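Me: I have a new model to read. Could we go through it with short questions and answers?

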Amino acid sequence: MEVVAVIDFETTGLSPAQGDRATEVAAVIVEGGRVVDRYQSLMNAGVRIPAYIEALTGISNTMVRNAPPAGEVMRDVSDFVGGIPLVAHNAAFDAKFWDGELARIQRSRSQDFLCSLLLSRRLLPLAPSHKLGALVEYAKLPVAGRYHRALADAEMAASLLVRLEEELRLRHRVPQVSVDLLRRIQRTPKAQLPKCLASAGGPSSSHRPDANRGG
DNA sequence: TGCCAGGCCCTCTTTAGGGCCTT
């Protein structure tokens, strides 16, 4: 698969439209099935983090107060990822913050997002939950650190993406996994997935749910 | 004081409702 950047934000809440801002961002570059480069930074957007978010993430108001300004961090991280495709777990969420924080520094992104949540729902349909932590446990992926910290979550989402790529190659016998194929898979309704995979070179008859996970 | 998002997907559906997932 082509090089991609898996990103993750920690934020003050769920909605930039409601005034929520990013508090931490991480991006890991995935190439050849492994992480080859990493970026991580806390960021100071000048807004207060609610107590329940501090408890959830471990990111305190004191930590963010001493962090570099949000605009500076966003310039750095957007330069770091450049124009390569972005991936996030529940990408709709991270894309809102990515676009919102970039807009504040008069930048916009040129690439689209892949979503490891949508891909997991298609390719690991038997997982009891498609939360990132539940998928890490289900697929027996390494725990990269504390959940709800940006770099650890980005690393684990990257491991998940590599696992999904393996699922396509080994179980669905797709000879060449590309970003474009992943785009098509995440847009394809579940019922039409075998047809989608068959068109990618994997025999549709080989589509079996993830019965032999972890190996 | 209390409230605040939004896209995806399933089903007791499609003229809708509600759970999941992100912080």
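**From one residue to the DNA**

Me: Leaving out residues up to four places away in sequence, which residues does Val36 touch?
Reply: Contact means heavy atoms within 4.5 Å. With residues up to four places away in sequence left out, Val36 touches Ile29 and Glu31.

Me: What kind of model is this?
Reply: Residues are numbered from 1 along each chain as its sequence is written, and chains are lettered from A and ligands numbered from 1 in the order in which they are written. Side-chain values use heavy atoms, without hydrogens and water, local features need pLDDT of at least 70, side-chain atom pairs count only at pLDDT 80 or more, and totals for chains, interfaces and linings use all residues, as this is a predicted model.

Me: In which strand is Val36 found?
Reply: Helices (H or I, at least four residues) and strands (E, at least two) are DSSP runs, numbered from the N terminus. Val36 belongs to residues 34-42, which form strand β3.

Me: Is Val36 buried or exposed, or in between?
Reply: Buried means under 20% relative accessible area, exposed over 50%, and partly exposed in between (1.4 Å probe, protein chains only). Val36 has 35% relative accessibility, so Val36 counts as partly exposed.

Me: Which residues of helix α8 are buried, and why do they count as being on the same side?
Reply: In α8 (residues 179-187), the buried residues are Val179, Leu181, Leu182, Ile185 and Gln186. They lie on the same side of α8 because they cover an arc of only 155° around the axis. The arc is that of the directions from the helix axis to the C-beta atoms. So the reason is the arc, only 155°.

Me: Which elements do the buried residues of α8 pack against?
Reply: Look at the contacts of these buried residues. Their partners are β1 (4-11), β5 (113-115), α5 (116-123), α7 (150-171) and α9 (193-199).

Me: Which element gives the largest share of the largest nonpolar core?
Reply: A nonpolar core is a set of buried Ala, Val, Leu, Ile, Met, Phe, Trp, Tyr and Cys residues joined through side-chain atoms within 4.5 Å. The largest one has 39 residues, and Val6, Val30, Leu168 and Ile185 touch the most other members. β1, β2 (22-31), α5, α6 (132-138), α7, α8 and α9 each supply at least two of its residues. The largest share, 11 residues, comes from α7.

Me: How many residues of α5 are buried?
Reply: The buried residues of α5 are Ser116, Leu117, Leu119, Ser120, Arg122 and Leu123. Their cover includes β4, β5, α6, α7, α8 and α9. α5 is largely enclosed by the rest of the structure, because the buried residues number 6 of the 8.

Me: Which backbone atom of His130 does the side chain of His89 reach?
Reply: His89 sits in the loop between β4 (86-88) and α4. At 14% relative accessibility, His89 counts as buried. A polar contact is a pair of N or O atoms within 3.5 Å; within protein, one must be able to donate a hydrogen and the other to accept it, and residues adjacent in sequence count only if both atoms are side-chain atoms. At 2.9 Å, the side chain of His89 reaches the His130 backbone oxygen.

Me: What share of the atoms of DNA strand B within 4 Å of the protein is sugar and phosphate?
Reply: A residue is near a strand if one of its heavy atoms lies within 4 Å of it. Of the 26 residues around DNA strand B, Glu10, Arg122, His130, Leu132 and Lys190 come nearest. Among the strand's atoms that come within 4 Å of the protein, the sugar and phosphate share is 66%.

Me: How far is a polar side-chain atom of Arg122 from a phosphate oxygen of DNA strand B?
Reply: Asn90 has a polar side-chain atom 2.9 Å from a base oxygen of the strand. For Asp153, a polar side-chain atom lies 3.3 Å from a phosphate oxygen. For Arg122, the distance to a phosphate oxygen is 2.2 Å.

Me: Which elements give two or more residues to the surface near DNA strand B?
Reply: By class, this surface has 8 nonpolar, 10 polar and 8 charged residues. Ala, Val, Leu, Ile, Met, Phe, Trp, Tyr, Cys and Pro count as nonpolar, Asp, Glu, Lys and Arg as charged, and the others, Gly among them, as polar. The elements that give two or more are β1, α1 (51-57), α4 (91-103) and α5.
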